[in-house]
Amino acid sequence: MTKPTPTTTDESPHGGWNDGTNASSGGAAFAGLIDALRLAQDRIAEAAAPDDVVREATRSLQDVAAALAPYSVPGSEQITGHRLDLPGRGQALVPAFHVDEWDEEHATGRFRLGRYYLGGNGAAHGGVIPLVFDEVLGRLANTGRRRARTAFLHVNFRSVTPIGPELRLTARFSREEGRKRYLTATIHHGDVLTADAEALFVALRPGQP
């Protein structure tokens, strides 16, 4: 199997999984919308605002929902999650992962966790760590190969993963056995290993969703 040329942030200025084939539906305006949504999530998590400010913010969010409601489309046609050129594929569930290098065998990149992902005492919520691992390992598992889905993901929490500073994630494709694909990954804060993971992805049979 021929490897793709590794993608770097020089070739993918937005820091996403840009393979040269993804459509940029929504344009730059959509990228700005998702950035604003991520910021709003953090600001809501941080805020201890008075009631009148909370009510006004609630009305603003309701207005946004109402403005977008007429443009609802089926999942296969939506933009969010399909913008491979954007960190997080243009959705705000997973923290924005900025790809530095990527080919069929490995991926490296950076991300930060805002207050939206706070568990307590400056530490990230434990649930977000498997979420980030699954996002990156899933993308790597499918690079240059037919589509696969997560069958197993084991995460070891080695140290506190902090909220705020830049974190580095490295993922590697270990081996393939029939339909089974084995991968590993680590998260570091500086020189400190905060978490590592091993995963199994299974290639879909023809016709499987």
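## The loop between H3 and E5

Gly-144 sits in the loop that runs between H3 and E5, and in this predicted model the residue is partly exposed, with a relative accessible area of 45%. Although Gly-144 and Asp-103 are 41 residues apart along the chain, their C-alpha atoms are separated by 8.6 Å.

The loop between H3 and E5 also holds Arg-145, whose salt bridge partner, Glu-105, has its closest O atom 3.9 Å from the closest N atom of the arginine. Because Glu-105 belongs to the loop between E1 and E2, the pair ties together parts of the chain that are 40 residues apart in sequence. The two partners fall into separate accessibility classes: Arg-145 is buried, with a relative accessible area of 12%, whereas Glu-105, at 30%, counts as partly exposed. The cut-off that places Arg-145 among the buried residues is a relative accessible area under 20%.

## A salt-bridge network around Arg-110

Eleven salt bridges are found when the whole structure is searched. One of them joins Arg-110 to Asp-100, with the closest N and O atoms 2.9 Å apart. This pair links distant parts of the chain, since Arg-110 lies in strand E2 (residues 106–111) and Asp-100 in strand E1 (residues 98–102), ten residues apart. Both residues are partly exposed, Arg-110 at 25% relative accessibility and Asp-100 at 23%.

Arg-110 also forms a salt bridge with Glu-166, and here the closest N and O atoms are 3.6 Å apart. Glu-166 is placed in the loop between E5 and strand E6 (167–177), so that the pair links parts of the chain that are 56 residues apart, with Arg-110 again contributing from strand E2. Glu-166 is partly exposed as well, with a relative accessible area of 37%. Through salt bridges that share partners, Asp-100, Arg-110 and Glu-166 are joined into one network.

## The largest pocket

The largest pocket has a volume of about 610 Å³. Its lining is made up of 20 residues, and those nearest the centre of the pocket are Phe-30, Leu-33, Ile-34, Leu-68 and Thr-80. Helices contribute to this lining, with H1 and helix H2 (51–68) each supplying at least two residues, and the largest share, eight residues, comes from H1. By class, the lining of the largest pocket consists of 15 nonpolar, four polar and one charged residues.

## The second largest pocket

The second largest pocket holds about 530 Å³ of space. It is lined by 22 residues, of which Arg-89, Glu-135, Gly-138, Asn-142 and Arg-147 are the closest to its centre. Helix H3 (128–141) and strand E5 (148–157) each supply at least two residues of this lining, and the largest share, five residues, comes from H3.

The class make-up of the lining of the second largest pocket is six nonpolar, eight polar and eight charged residues. For the largest pocket, the corresponding numbers are 15 nonpolar, four polar and one charged.

## A nonpolar patch on the surface

Leu-33, Val-64 and Leu-68 form a nonpolar patch on the surface, and together these residues have about 250 Å² of accessible area. Leu-33 lies in helix H1 (residues 27–46) and counts as partly exposed, at 39% relative accessibility. For membership of such a patch, a residue needs over 30% relative accessible area, a condition that Leu-33 meets with its 39%.

Two members of the patch, Leu-33 and Leu-68, are also among the lining residues that lie nearest the centre of the largest pocket.

## The segment before H1

Gly-15 is found in the segment before H1. In terms of accessibility, Gly-15 counts as buried, at 3% relative accessibility. Gly-15 and Pro-130 are 115 residues apart in sequence, and the distance between them in space, C-alpha to C-alpha, is 21 Å.

Methods: Residues are numbered from 1 along each chain as its sequence is written. This is a predicted model: local features need pLDDT of at least 70, side-chain atom pairs count only at pLDDT 80 or more; totals for chains, interfaces and linings use all residues. Side-chain values use heavy atoms; hydrogens and water are left out. Patches are made of residues with over 30% relative accessible area and no salt bridge: like charges are joined within 9 Å, nonpolar side chains (Val, Leu, Ile, Met, Phe, Trp, Tyr) within 5 Å. Accessible areas come from the Shrake-Rupley method with a 1.4 Å probe; for residues, only the protein chains shown count as cover. A salt bridge is a side-chain nitrogen of Lys or Arg within 4 Å of a carboxyl oxygen of Asp or Glu. Helices (H or I, at least four residues) and strands (E, at least two) are DSSP runs, numbered from the N terminus. Buried means under 20% relative accessible area, exposed over 50%, partly exposed in between (1.4 Å probe, protein chains only). On a 1 Å grid over the protein atoms alone, a cavity is a set of points where a 1.4 Å probe fits but cannot get out, and a pocket is an open set with protein on both sides within 12 Å along at least five of seven lines; lining residues have an atom within 4 Å of a point. Grid points are joined across faces, edges and corners, and a volume is the space filled by probe spheres set on the points. Ala, Val, Leu, Ile, Met, Phe, Trp, Tyr, Cys and Pro count as nonpolar, Asp, Glu, Lys and Arg as charged, and the others, Gly among them, as polar.
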